[in-house]
Amino acid sequence: MVRACGLLTRHNQPVALKNISVVVSIREFVAGVSATLHYKNEENVALEVFFVFPMDEDSAVHTFEALVDGKKIVAELQDKTTAYASYEDAISQGYQAYLLEEDKCSRDVFCCNVGNLQPGSEVALTLRYVQELPLEADGALRYVLPAILNPRYHLSESPEDSCLDLKAPIVPLKDLPYTLTMMANISSQHGIDRVQSNCPLSPMEYLEDAKTSAQVSLAEGHKFDRDVELLIYYSAVHSPSVAVETGMPEKKPDSLMGDPGVMVSFYPDIPEVETAVTGGQFVFLMDRSGSMQTPMSKENRSQLRIDAAKETLILLLKSLPLGCYFNIYGFGSSFEAFFPHSVKYTQQTMEEAVERVKVLCADLGGTEILTPLREIFKDIRGHPLQLFVFTDGEVADTFSVIKEVKFNRTKHRCFSFGIGEGASTSLIKSIARVSGGTSEFIRGKDRMQSKALRSLKRSLQSVVEDISLSWNLPPDLTANMLSPEQTVIFRGQRLIFYAQLTGTMPPEEAEGEVCLKYTLQGKTMEQKVTFSLQPKYDSNFTIHRLAAKSLIQTKDLGFRETLGRERKDVLNISLESGVMSTFTAFVAINKELSQPVQGPLVHREIPRAVLPQVKSKYPAFHRPMLDASCLSSNPPVLCQRDSLALSPKIMASCAAKKCPQKSLNFGSIHQKKKIGSSTSETILQNDSKEDSIVQLIFLQNANGSWTLNERLASILGMKLEDIKAAHPDERVDSSVWATVLAVIWLHTNGMDRECEWDLLERKARAWIRSHAGRSTISGSLPFFPRKLDFFPGAAPPGLAGGN
């Protein structure tokens, strides 16, 4: 077989793919997408063209068609073996043939084949899919059009062929021979507030005065240097809703596609409760492959992935509860563990782990994640295991990893994080879904630190039990659940359920009711929503196909891993619904073209872009993680005898001693400082307040306290003797005073990063309360409720700006 190589493309040889045009229709929190690939053969020989491209793993691909010389040819979904045979047979007879398949090893990689593309001919191939849109922490719905497909690393024990084995040329962005256009139509009954993107957009155009529909387009000249992301903000997103969709008229009743389908959306109001978690096992599995040495984004001076990972690990370590067990693994082609087994969380083990985190490098080669996972599952210490997996997801055989995680699902929960452009959505989403955890993606300007701490909070929240969904429907009508049983609910999580209505549909005015019920800390909670039972027609049959995709995901573990009954179920669901799976493929044949093939077809793999290397803010492995540099330029002033008083007794004591009105100035440090004598603690000069937050957090002890010393004083921007002189009472332990000041500094300087230090601040407050009683404070600290309510703006009472 003649195979095109990268050199042909770099030497400007013509390639068949000319343009990709995408139309996105977003209605509430579901997207329908139509993507068209425009091909033209400008060579003088017949071609067979291959194009490998990424797609979100939740995408339900349901249509594939070709437009050839004005004639539409709709592809048929077939068993993959049959589709292969049909495609090869058509080509051998001189017909034009088109094949679309999902990769055998990963649900987020697809390959489009165009066979017998004659010289001078043009063809437009269109694929259509639907998908749910994830809800972000700030209320935005996120739509991602993947444009980046990174090379995937094959597991050592995986012999399965993959679309990714095609040696597609890799070219610089400026040499890509095809372009991308995208238009998005958005509609919501709640009203559209705004749309943001990581790529240049045309101005958003409202199509109605009520702002319930809008249109936006990708600006011309997209360079394929990033995934295209849209963040859609509605006026309200947290309201429960139910949608009923009519079935396909040609399908039999009591079938998946014949009966009406229902989509139910709930947003449970889980209160934030501070529980005293003292046990459990926490294991952090961090990618240390070579790709982690790249920047987090293409923005200038972007932080390296490995450096963001190091900061994240320190935040996680400082936020762990006392009494738990923990360990940290790094993986690449091999793996390393900080400790032979998970160890109890103490000051000593935390300090040892932090010291090792500081010197971590992206130096372990490829992405062999399966072996360390198996090692972790062997070391479950009799405590509930919370596993945190951080990776750029560049693994070819995702199904082997998913199977291993699913096999151990009763022993642990997995919280997964996809880092950077091109992270495998199949790997990241699936390992979280099969184990009852959650997944996060860190792209562009997203901060790994904040998303990791949000997941840690979820792992520490009170257990939600006895989750059930009940229906109140007219007689002779029942709801059969299609979604898997919900076993966990996290704070801030949206729940989506699918069901089919079987039986006799009532008159138009009839209504139904669905109720979500669960138990939290012994209290039963429920949420109800009433809805119309009149089904609505949707030409894409979106709800039915999303329900089919949900069923397929629960059963399909890949071409090699899915066996027996599950394999047959996946095939039947796929063929009935028209939603592609690992075992099916779309094939279309143009029999009007029947020309003898002269010799073998020339193969052309459509090139993929290689991202440019963006300079990071700091040299490799030298980010100043312990920099005690510049703090606030207008620091607040803390007076000894103001209303910040730790207790009336202490204030009375200070007054009796006639303490001078000396101010504690949270000042600025512009000079380079050396902290301690250890070379690992030598710092670099940097004027970033963000770095100062990291440094302050680094000094916190495992029990939540800070020690009063020169290192803390330098980060606070004060002199140690001034802090000691302002000490309210010798009966108050100096660590209590230091911890109070550290927390005040965080609230003064770091509120924009509160979600990252929230947990460790809780530890600090709990420690202060427990130790204040021993020191004469005796349950005071009136200014220390959950948040510093006395601190609404720049400073609490008694704190004034100035130097």
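Which element gives the most to the lining of the second largest pocket? In this predicted model, the answer is strand E17, with five residues, and the legends below begin with that pocket before turning to other sites.

**Figure 1. The second largest pocket of the predicted model, with a volume of about 1000 Å³.** The lining comprises 40 residues, of which Arg27, Glu28, Val242, Ala243 and Ile543 are the closest to the centre of the pocket. At least two lining residues come from each of strands E1 (17-27), E2 (30-40), E12 (179-187), E17 (241-245), E18 (261-266) and E30 (523-532), and the same holds for helix H9 (542-555). Strand E17 gives the most, with five residues. By class, the lining residues divide into 19 nonpolar, 15 polar and six charged.

**Figure 2. Aspartate 254 in the loop between strands E17 and E18.** Although aspartate 254 is not a glycine, its phi is positive, at about 65°. Its relative accessibility is 61%, and because the threshold for exposed is over 50%, aspartate 254 counts as exposed. The two strands that border this loop, E17 and E18, each supply at least two residues of the pocket lining shown in Figure 1.

**Figure 3. Phenylalanine 541 in the loop between strand E30 and helix H9.** Phenylalanine 541 likewise has a positive phi in a residue other than glycine, here near 50°. Its relative accessible area is 8%, and so phenylalanine 541 is buried, the cut-off for that class being under 20%. Strand E30 and helix H9, between which the loop lies, are also among the elements that supply at least two residues each to the lining of the second largest pocket.

**Figure 4. The crossing of helix H3 (residues 305-319) and helix H8 (residues 448-460).** The axes of the two helices come within 9 Å and cross at roughly 35°, and H3 passes H8 in a right-handed crossing. On the H3 side the contact is made by Arg305, Ala308, Ala309, Glu311, Thr312, Leu315, Leu316 and Ser319, and on the H8 side by Met448, Gln449, Ala452, Leu453 and Leu456. Sorted by class, the residues of this contact are eight nonpolar, three polar and two charged.

**Figure 5. Leucine 460 in helix H8.** Leucine 460 has a relative accessibility of 12% and therefore counts as buried. The C-alpha atom of leucine 460 lies 9.3 Å from that of leucine 320, although the two residues are 140 residues apart in sequence.

**Figure 6. Arginine 491 in the loop between strand E27 (477-481) and strand E28 (495-503).** With a relative accessibility of 37%, arginine 491 counts as partly exposed, because its value falls between the 20% limit for buried and the 50% limit for exposed. When neighbours within four places in sequence are left aside, arginine 491 is in contact with Ile270, Pro271, Glu272, Arg458 and Gln461. For one of these partners, proline 271, the C-alpha separation from arginine 491 is 7.3 Å, across 220 residues along the chain.

**Figure 7. Alanine 432 in helix H7 (residues 425-433).** Alanine 432 is buried, with a relative accessible area of 2%. Apart from its neighbours within four places in sequence, alanine 432 is in contact with Cys414, Ser416, Gly437, Thr438 and Ser439. The C-alpha atoms of alanine 432 and leucine 387 are 9.7 Å apart in space, while the two residues are 45 residues apart in sequence.

**Figure 8. Leucine 370 in helix H5 (residues 370-378).** Leucine 370 has a relative accessible area of 1% and is therefore buried. A separation of 5.7 Å lies between the C-alpha atoms of leucine 370 and valine 401, which are 31 residues apart along the chain.

**Figure 9. The protein chain, with 16 helices and 36 strands, as the setting of the close-up views.** Buried residues make up 60% of the 803 residues in the chain. Among contacts between residues at least 6 apart in sequence, 76% join residues at least 24 apart.

Terms used:
Residues are numbered from 1 along each chain as its sequence is written. This is a predicted model: local features need pLDDT of at least 70, side-chain atom pairs count only at pLDDT 80 or more; totals for chains, interfaces and linings use all residues. Side-chain values use heavy atoms; hydrogens and water are left out. Helices (H or I, at least four residues) and strands (E, at least two) are DSSP runs, numbered from the N terminus. Buried means under 20% relative accessible area, exposed over 50%, partly exposed in between (1.4 Å probe, protein chains only). Contact means heavy atoms within 4.5 Å. On a 1 Å grid over the protein atoms alone, a cavity is a set of points where a 1.4 Å probe fits but cannot get out, and a pocket is an open set with protein on both sides within 12 Å along at least five of seven lines; lining residues have an atom within 4 Å of a point. Grid points are joined across faces, edges and corners, and a volume is the space filled by probe spheres set on the points. Ala, Val, Leu, Ile, Met, Phe, Trp, Tyr, Cys and Pro count as nonpolar, Asp, Glu, Lys and Arg as charged, and the others, Gly among them, as polar. Axes are lines fitted to C-alpha atoms, for helices over the stretch in contact, and angles run from 0 to 180 degrees between N-to-C directions. A crossing is left-handed if the near helix is turned anticlockwise from the far one by less than a right angle, and right-handed if clockwise.
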